Each structure stands twice: as C-alpha cells, then as structure tokens.
Amino acid sequence: MPSTEDSSAPGAVTERRAAERGGRSGEASACQLVRLEKHVNVTDAVLTLLQRSPHQRVYAVRNGSGGWIDVTISAFVDQVRRVARGLMGLGVKPGERVAVMAQTGYPWAVVDQAVWFAGGVSVPIYETSSVQQAVHVLRDSGATLALAGSEKIVGKLRMAAARSGDIPVFRMGSSADLDVLAESGGEISGDELEQARRAAQLDELATIVYTAGTCGPPKGVRITHGNLAEGAANALGLTTDILGGDESRTVIFLPLAHVLGRMAQVMCLHKGVQVAHSPSVRTLQEDLRSFRPTWIVGVPRVFEKVYHEAEVAARSQGRGRLFEAARTTAIQYSEMMQAQTDDVGPGPTLGLRMRHRMFQRLVYPALHERFGGSMRYMISGASPLSTEIAHFFNGVGLPIQEGYGLTETTAPITLNAPGATRIGTVGRPVPGATVRIAEDGEILLAGPSLFDGYRGAAEPFDAESFDEEGFFRTGDIGLLDTDGYLRVLGRKNEVIVTSQGVTVWPMPLEEQVRMNPLVAQCIVVGHARPFTGALLTLDADVVADWSSSRGLGVMSLVDAAKHQDLREEIRAAIDRANTSVSPAQAIRDFTVLDIEFGGYSGYMTPSMKLRRQLVVSDFEEIIADMYSH
C-alpha cells in the first residue's frame, strides 16, 4: 500500500511539559511512522496482504466438534467480494449507510469489509441495544439497509427498521446467510465492484460508531478511512512484539460494534494475524483453551473475573494459603522489577526470586492454562485497570499492556508497549499521536486516528469538542509524568466535591474496593453531601461459593446484601481502599444493593463501562437514606 515512513526512531516520544506544575499541564507526542497517500482507503491493505501472501491464515471458524478451520486471505477476500456484489445488487451505492447488528463472529468480519468494498459506510449497532436505541441509530445515521445476526436480533432490528422508514433488513449471521446475500450480486461485474471499492479516499467517511452513552444520548462518531488505515498502520509499529510473527493469533470477544474490538480486527487483517471469534463470555474459556491465542484484547472486568475465579477456586480446593502466597509473590516481584527498570529501586531479592521460581512450577501454570497456555501478552482498554491486578498478572508471566482511547480516537491513542511499560499508567502516545494536559487537567488529544467530528454537527470541529488548535477535549482528567506516560484520574464531570469542600476522585477508590471478589461494582457518591459514601453490587457466582463454603447453601443476592458476615468483608475491603486517601476523602458509609448491573439492566455499556449518572439518578432515594442516619 503506498505510504511514506518517517525516519525518526519508531515510537520515540518527545515531551514538553511545565515542570513547575508537577505534570499538571504539558505535552507528549510520538513521531508518526506511516503517512498514507490520499487516494487509498482501508481496503487497500487487505489487497496488499492478498498479493504478498495469498495463503496467509487470517481467520478461523469452528468445525462443529471443538476444533477450528483456517480461513486464508484468498478465501476471505473471495467471500468479501461476493457479499459486496450482493450488497450492490441490493442497491448499496458509494457513501450509503449500512447498519450492522450482530454478535461477534466471522460473518461480522466479512460484512464489515464487504460494505467497504461496495463503497458503503458501515454503522454498527450493539446486539444488546433495545429497539428504541436501534431506532435512534438508524434514523440518525441515515441507514438505507440493515444486516442482522441471530433470529432474535433479526426480530428486534425489523421492529426498529419499521419505525425508521421501512429500511430493508437481511440476515447475515451464518455462512448460508452470506451466500444468500451474495446471490443478489449476479449482475455486478468485477470492474463495477472495483470502481465502488476505490470510490472512497483517505479523508472520506468509513463508519459511524455510536458512543456508549454513559453521559447522555449516544452520539454518532464519524470515522474516516484514514482514521482506520493510517491509525492501524502507525499502531502496528508499536505493537510488533505483541502481534508477533506468522504464528500470532488472537481471539476477539469484545463486541465488534465497539471501536476497540473493531480496530483490533482491522489491525490483525492488515498485519496478517489470525483471528478467531468468541461470541459469548459463556464460551470464552473453552475458546481460549481450544484456539490457544498468543495475545488478546480485553476489558478490565474480564481480567478481574479471572483473577477472582482463580482465588475462589484455590480456596475451594483447600489451597487458599498457597494461592495467597503466590499472589503476594507475583505482585512484589512485578513491583520490584518495575522499580529496577525505572531506576527507583533494587530488583527482586534472592529470596523473592526463589519464591517466584517455586510458584512458577506450582501455581502460575494453572493461570496460564485459563488463557489457553500460549498467551504472551494481553491488552486492556475501555476503562481503568487496577494496578494490583496488573502487577499480579505481570508477575505471573501474563503481562497486561494497558492503553487509553475513546471512540473519537478510533481506539488506542496511548499504550504501554512491551519493554516500555509503566504499570499504573495507560502508557505513552502511539506513533503520530499527541497528548496534552490543559491548565485545568483535562486530557487533550491529536493524531491521525482522531475522528472527523460528530454526525449531524453543524461544525465538525466545534468549540465544545475541540480547542482552538484542533485538539479534542476528552472530558477526562489526567497527568503526564516526566517520561510522557499518561495517568487518567477520572471523568471531569464525575469529580465529587462534598459539602465540606473536599474533592474526591471516585475511580481509584472504586478500583480498590472491587479488588474484593465479592464486589461486582462500586459507585462512590457524595457530591454536595457531608461525606463520601458508596453503592455496591455483588458478584452472584462468588456469593454462591462464599455462602456454600460456610454451610449456608447458595445464598441469593437479597439475603447476601443483608448478611452481617458478608457486610463485614465488604467493610474490610472499603477500609483497605480508604488507606489510599485522606480521612476526609474516605468512604464512611455504604449500601449493598441486591441486584446486578450486568445483562440488560441498562446500567452497564456493552464494553462494561458503568453508566454512573443513570445509577445515581435511579438510586437517589437509597443514596439519600444513607445520609439520613
């Protein structure tokens, strides 16, 4: 694919900061490695791989008996072209919007490229969206055709389409469905297809991705071919060690309507990394064990669950003390290795190294097997990861590379790269990106992956979203350290100021409380109140194990929320978290809710972010009661 490369050192970070402000303002940037020519689009890299390595394995699909069938780039592109012709036969023209609502899977990968080969603009809709949410996306995007996965999704999307101008809806959830779609393109020639594929250039719209709506109605984010293609090309230069060589393979289980999973898939296809899909958390463990990925992209909740499940399993097997010793050793080992790398402390002592070596034989292999046994790296994004969990997995030999990005940045704009990782931060800018900290602490961003503005905005680069230099206002508050690593403190609109004038950032406290395996979610409250409080929800699976191990049977969440022994464990977790803040900022009271926030409750986004404002609004009476004592 035509491009030019900068001669600067790959990923080199330059930094300009106001030292007298202790990192409160400043800037860090990384040299852009790849600049693509204006006439290319996101499909060109796919054809480049096809020409270079026609037998390269790029996908894997289940064989029906627990194994996997390889899909080469030749077979994939052939199928993409047939489906693209089918879409053109159904009336899709360059620039027209095609909505896609389906579970994560191989058909999604085919359809995504087929829409672009047909010159269209894809509009993903989360499979968990309600009919009304789907109506909003269909109407706002101007979609003229919709594709649906499972039978349940077909019914939901057809109801939404009927309220949005009778948009036609077609099945795409299986190979047979894709073949039916392809049948509509019998009259489309290869030249017509190629003309449609080449219609879009680098600065033209490729997809409209709707935000999760944590702080209001979802907004349509306009992402261009350049955001995807040039963003992927530059990020690939930073992730070479993670992606590896020809044997590199991953399982994508994030929703492909989410920009993180989508960008990961684009990068893999451009690089030639083999991808398998896992459509449900219920099948994820089995898929990891059978496919044995070398790396994965996940969200913190996935890693938290594995961490807590391992702890619970060890206790149920009578190995609780052994696991605790192994856990402590892994964390200490990782912390001392990082201190040595950062030149702020010695490396692990001889005794620690010996204990670590022992647990590498006795305990850590079981954790590796939970991820398939071949895992080298894991990437975490979408929301903050606990430093304790990060150090634990790093010490076990399963390093988690945490990054930071938003839908508006087409996924990661900072990343902790192998060999340049600082746990507790979200890394340094990816090649081409610039991170700036404003005077008030807000994180401002610029780079080739930065979006083209919001759908329907009169001025794409409006003053509310961008500053006078074109930097995107994220709404997040952060700090840059002296080496250009970014630390995210929380959302600007989520800071709590008590009636006593005490400022509290809820995110770090919530992370630490969630370290107790009983806790599923923690929401710190207290704005304009006399002190800081918290709402908590419980993990039903862990509660069941906890109660059974105490001879109490399988306890319901309603009973567990009131059980004194369990509440004492929660209190201990809160006391532990409180040691990280001043007494004035500490959580003084808490309420355990007897419901879960997952599934279709509406309180979590598909990428497992908490809709904090909705929770606080819906549970206002319970919060008020906490302060009435």
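Select Asp70 to begin: in this predicted model the residue is partly exposed, with a relative accessible area of 40%. Add Arg57 to the selection, and you will find that Asp70 forms a salt bridge with Arg57, in which the closest N and O atoms are 3.7 Å apart. The two partners come from distant parts of the chain, since Asp70 sits in strand β6 (residues 68–72) and Arg57 in strand β5 (residues 57–62), with their positions 13 residues apart in the numbering. Arg57 also counts as partly exposed, at 34% relative accessibility.

Next, select helix α12, which covers residues 300–316, and display the side chains of Arg301 and Glu304, both of which lie in this helix, 3 residues apart, or about one turn. These two side chains meet in a salt bridge with an N to O distance of 3.2 Å, and here Arg301 and Glu304 are both buried. Is this pair isolated, or what else should be selected with Arg301 and Glu304 to show the network of salt bridges? Add Lys305, Arg514 and Asp539, which are linked with Arg301 and Glu304 in that network.

Stay with helix α12 and move along to Glu309, whose side chain meets that of Arg370 in a salt bridge, at 3.7 Å from N to O. This pair again connects distant parts of the chain, for Arg370 belongs to helix α15 (residues 364–370) while Glu309 belongs to helix α12, 61 residues apart. Colouring the two residues by accessibility separates them: Arg370 is buried, with a relative accessible area of 18%, whereas Glu309 counts as partly exposed at 33%. The 20% limit for buried falls between these values, so the two residues are classed differently.

To place these stops in context, display the salt bridges of the whole structure, where a search finds 29.

For the last stop, select helix α2 (residues 73–89) together with helix α6 (residues 175–182), which pack at an angle of about 50° with their axes 7 Å apart. The two helices are therefore oblique to each other. Which residues of α2 and α6 meet? On the α2 side, show Gln79, Arg82, Val83 and Gly86, and on the α6 side show Leu178, Asp179, Leu181 and Ala182, which they meet. Colouring this contact by residue class divides its residues into 4 nonpolar, 2 polar and 2 charged.

Notes: Residues are numbered from 1 along each chain as its sequence is written. This is a predicted model: local features need pLDDT of at least 70, side-chain atom pairs count only at pLDDT 80 or more; totals for chains, interfaces and linings use all residues. Side-chain values use heavy atoms; hydrogens and water are left out. A salt bridge is a side-chain nitrogen of Lys or Arg within 4 Å of a carboxyl oxygen of Asp or Glu. Helices (H or I, at least four residues) and strands (E, at least two) are DSSP runs, numbered from the N terminus. Buried means under 20% relative accessible area, exposed over 50%, partly exposed in between (1.4 Å probe, protein chains only). Axes are lines fitted to C-alpha atoms, for helices over the stretch in contact, and angles run from 0 to 180 degrees between N-to-C directions. Angles under 35 degrees count as roughly parallel, over 145 as roughly antiparallel, 65 to 115 as roughly perpendicular and the rest as oblique. Contact means heavy atoms within 4.5 Å. Ala, Val, Leu, Ile, Met, Phe, Trp, Tyr, Cys and Pro count as nonpolar, Asp, Glu, Lys and Arg as charged, and the others, Gly among them, as polar.
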